[in-house]
Amino acid sequence: MKKLIFSMLLAGFSNVTLAQQSPDVVDMKKHHIVIQFNDGEAASQDAVVGQVKNILTAWPNAEVEVICHSSGLDLLTSAKSEVGKTLTELSAKGVIFSACNNSMRKRNVKKEDLVSVARVVPSAMIQLTLRQEEGWAYVKGGH
């Protein structure tokens with residue numbers, strides 16, 4: 001049993017060490033980034049997903065929340081998202097995708113219209129402010 005535990009600890013340490021040695025990894029600190037996204041164009045959807053991937057490559061332990069409002073809500077709408085599968089993959093890595101309830105009301109979008117990984121927040125502006133008050137860094141996503 002001791003050998004098994006030691007082997008598991010050693011394997012975990014090796015993975016962390018390998019990640020730190022990757023030339024793309026800047027550091028293993030726990031950074032917090034909140035991303036505002038309000039552009040529904042396919043190219044902007046691709047861009048914000050690429051930006052999130054780049055953040056996680058450089059900072060594998062980062063916590064990221066993408067807050068979608070206005071036409072950016074298309075990123076999280078099943079019928080309009082160009083990157084639904086990628087959102088699921090990023091969500092599995094801990095990325096939070098939040099939809100603004102105010103924008104949902106204005107655009108007649110229901111919770112069931114959203115991709116499964118989306119969560120609803122009352123207001124994008126309030127959520128962005130709360131995250132910044134908690135010390136999260138703000139980034140404007142997309143193009």
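**Exercise 1. Determine how far strand β3 of this predicted model is covered, and establish which strands pair with β3.**

Solution. Begin with the burial of the strand itself: β3 spans residues 96-100, and 4 of its 5 residues are buried, so that the strand is mostly covered. Buried is taken here as under 20% relative accessible area.

Next, take the pairing with β2, residues 63-68, which runs parallel to β3 and is joined to it by 4 bridges. Within this pairing, E65 stands opposite I96 of β3. The connection between these two strands passes through helix α3 (residues 84-92), and the resulting β-α-β crossover is right-handed.

Then turn to β4, residues 118-121, which is likewise parallel to β3 and joined to it by 4 bridges. C100 has V121 in β4 as its bridge partner. From β3 the chain reaches β4 by way of helix α4 (residues 101-106), again in a right-handed β-α-β crossover.

**Exercise 2. Work out the strand order of the sheet, and explain why one side of β4 and of β5 has no neighbour in the sheet.**

Solution. The sheet is open, contains 5 strands with parallel pairing, and has the order β4-β3-β2-β1-β5. Reading that order from its ends, β4 and β5 (137-140) stand at the edges and each has a single partner strand, so one side of each is left without a neighbour in the sheet. As for the geometry, neighbouring strands are turned against each other by 30 degrees on average, with direction ignored.

To complete the picture on the other side of β2, consider β1 (residues 32-37), which pairs with β2 in the parallel sense over 6 bridges. One of the bridge partnerships here is that of I35 with V66 in β2.

**Exercise 3. Locate the salt bridge between K30 and E63, and state which parts of the chain this pair ties together.**

Solution. The whole structure contains 5 salt bridges. In one of them the side chains of K30 and E63 meet, with an N to O distance of 3.3 Å. Since K30 lies in the loop between α1 (2-21) and β1, while E63 belongs to strand β2, the pair ties together parts that are 33 residues apart in sequence.

The accessibility of the two partners can then be added: K30 is exposed, at a relative accessible area of 52%, whereas E63 is partly exposed, at 30% relative accessibility.

**Exercise 4. Trace the salt-bridge network that contains E65, and classify E65, R119 and R131 as buried or partly exposed.**

Solution. Start from the salt bridge in which the side chains of R119 and E65 meet, at 2.8 Å from N to O. This pair links distant parts of the chain, for R119 sits in strand β4 and E65 in strand β2, 54 residues apart.

The classification of these two partners follows from their relative accessible areas: R119, at 33%, is partly exposed, while E65, at 0%, is buried.

A further salt bridge is formed by E134 with R131, whose closest N and O atoms are 3.0 Å apart. R131 counts as buried, its relative accessibility being 14%.

As the final step, salt bridges that share partners join E65, R119, R131 and E134 into one network. E65, which was met in the first exercise as the residue opposite I96 of β3, is thus also part of this network.

How values were computed. Residues are numbered from 1 along each chain as its sequence is written. This is a predicted model: local features need pLDDT of at least 70, side-chain atom pairs count only at pLDDT 80 or more; totals for chains, interfaces and linings use all residues. Side-chain values use heavy atoms; hydrogens and water are left out. Buried means under 20% relative accessible area, exposed over 50%, partly exposed in between (1.4 Å probe, protein chains only). Two strands pair if DSSP finds at least two bridges between them. A crossover is right-handed if, with the strands pointing away from the viewer, the path from the first strand over the helix to the second runs clockwise. Axes are lines fitted to C-alpha atoms, for helices over the stretch in contact, and angles run from 0 to 180 degrees between N-to-C directions. A salt bridge is a side-chain nitrogen of Lys or Arg within 4 Å of a carboxyl oxygen of Asp or Glu.
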